Amino acid sequence: MLRARGQDRAERAPSRTSSREVGLRLTPRGRALLEEQRAIRSREMSAVLDRMPAAAVEALIVGLTGFREAEGEVFAAPRR
């Protein structure tokens, strides 16, 4: 899809570790698009956070920190 539209945002390359795999790398055009999208997302997130009361932002931070810690425990646990 990244190449299908003729935009050449990604390129294929042989895997460095397996002859059966193909790697994908962003082209400079693809990296520029990714950075543009990240900047847009950052501006949009900042706009929302700026409208939230300070107490709500603090609660969000506490909640997301707890989520991240729990996620780390889940994925660090041995698999059965």
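Arg38 is partly exposed in this predicted model, with a relative accessible area of 39%. The side chain of Arg38 meets that of Glu35 in a salt bridge, with an N to O distance of 3.0 Å. Glu35 is likewise assigned to the partly exposed class, its relative accessible area being 45%. Because Glu35 and Arg38 are three residues apart in helix 1, about one helical turn separates them. Side chains of opposite charge can pair when their charged atoms come close.

The count of salt bridges in the model comes to two. Besides the pair within helix 1, a salt bridge is formed by Glu11 and Arg25, for which the closest N and O atoms are 3.6 Å apart. This pair links distant parts of the chain, since Glu11 belongs to strand 1 and Arg25 to strand 2, with their positions 14 residues apart in sequence. Glu11 counts as partly exposed, at 32% relative accessibility. Arg25 also falls in the partly exposed class, with a relative accessibility of 41%.

The secondary structure comprises two helices and two strands. Along the sequence, these elements follow the pattern β-β-α-α. Confidence in the prediction is described by a mean pLDDT of 87 over the chain, and 86% of the residues score at least 70. Among the elements, helix 1 has the highest mean pLDDT, 96, whereas strand 1 has the lowest, 87.

Further relations between segments were examined at the level of single residues. Val22 is placed in strand 2. With a relative accessible area of 59%, Val22 is exposed, as this value lies over the 50% cut-off for that class. The C-alpha atoms of Val22 and Arg12 are 6.5 Å apart in space, while the two residues are 10 positions apart in sequence. When neighbours within four places in sequence are left aside, the contacts of Val22 are with Arg12, Ala13 and Ser15.

Thr27 lies in the loop that runs between strand 2 (22-26) and helix 1. In contrast to the exposed Val22, Thr27 is buried: its relative accessible area is 9%, which is under the 20% cut-off for burial. With neighbours within four places in sequence again excluded, Thr27 is in contact with Asp8, Arg9, Ala10 and Glu11. Glu11 thus appears both among the contacts of Thr27 and as the partner of Arg25 in a salt bridge.

Asp8, another of the residues in contact with Thr27, is located in the segment before strand 1 (10-14). The relative accessible area of Asp8 is 37%, and the residue is therefore partly exposed. Asp8 and Leu26 are 18 residues apart in sequence, and their C-alpha atoms are separated by 8.6 Å in space.

At the surface, Leu49, Leu60 and Leu64 make a nonpolar patch of about 240 Å². Leu49 is part of helix 1, which spans residues 28-51. The relative accessibility of Leu49 is 34%, so this residue counts as partly exposed.

Totals for the whole chain complete the description. About 7500 Å² of surface is exposed by the chain, of which carbon and sulfur atoms supply 56%. Of the 80 residues, 6% count as buried. Among contacts between residues at least 6 apart in sequence, 3% join residues that are at least 24 apart.

Technical notes. Residues are numbered from 1 along each chain as its sequence is written. Side-chain values use heavy atoms; hydrogens and water are left out. Patches are made of residues with over 30% relative accessible area and no salt bridge: like charges are joined within 9 Å, nonpolar side chains (Val, Leu, Ile, Met, Phe, Trp, Tyr) within 5 Å. Accessible areas come from the Shrake-Rupley method with a 1.4 Å probe; for residues, only the protein chains shown count as cover. A salt bridge is a side-chain nitrogen of Lys or Arg within 4 Å of a carboxyl oxygen of Asp or Glu. Helices (H or I, at least four residues) and strands (E, at least two) are DSSP runs, numbered from the N terminus. Buried means under 20% relative accessible area, exposed over 50%, partly exposed in between (1.4 Å probe, protein chains only). Contact means heavy atoms within 4.5 Å. pLDDT is the predictor's confidence in each residue, from 0 to 100.
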